[in-house]
Amino acid sequence: YAADFSDAVDLVNRRPEVWSHLAPTVYPLEDLVTAGLLPMAEHRQKQVKTLFDPSLREPRPLRPRV
């Protein structure tokens with residue numbers, strides 16, 4: 001972790017489109033259990049990171065800043 005973290009952050013900063021591979025979807029907070037906790041607990045998550053936005057009503061694709 002300590003050796004790789006800064007390189008990973010630099011990579012994402014240089015190529016913001018990488019986020020779409022790590023977390024392709026942003027979910028509303030009400031989906032925390034069904035889209036975040038259950039898939040993780042059942043070892044069936046499909047993405048590396050799960051993002052939640054309390055202002056959303058429906059899931060949406062991540063739109064990275066480029």
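Hi everyone, let's begin with two strands: β1 and β2 run parallel and are joined by three bridges. From β1 the chain passes through α3 to β2, a right-handed β-α-β crossover; right-handed here says that, with the strands pointing away from the viewer, the path from the first strand over the helix to the second runs clockwise. One bridge links valine 26 to its partner in β2, leucine 51.

Before I go on, a word on where this comes from. This is a predicted model, in which local features need pLDDT of at least 70 and side-chain atom pairs count only at pLDDT 80 or more, while totals for chains, interfaces and linings use all residues. Residues are numbered from 1 along each chain as its sequence is written, and side-chain values use heavy atoms, leaving out hydrogens and water.

Helices (H or I, at least four residues) and strands (E, at least two) are DSSP runs, numbered from the N terminus. Two strands pair if DSSP finds at least two bridges between them.

Now, the sheet. In what order do the three strands of the open sheet stand? The order is β2-β1-β3, with mixed pairing. Both β2 (51-53) and β3 (60-61) are at the edges with a single partner strand each, so one side of each has no neighbour in the sheet. Strand β1, residues 25-28, pairs with β3 in the antiparallel sense over two bridges. There, threonine 25 has proline 61 of β3 as its bridge partner.

Next, helix α3, residues 32-41, where we find leucine 37. Is leucine 37 buried or exposed? Neither, quite: at 40% relative accessibility it counts as partly exposed, the class between buried (under 20% relative accessible area) and exposed (over 50%), using a 1.4 Å probe and protein chains only.

Proline 39 is also found in helix α3, and it is buried, with a relative accessible area of 8%. Leaving aside neighbours within four places in sequence, proline 39 is in contact (heavy atoms within 4.5 Å) with Val33, Thr34, Arg44 and Gln45. Its C-alpha atom is separated by 14 Å from that of threonine 25, which lies 14 residues away along the chain.

That's my tour; thanks for listening!
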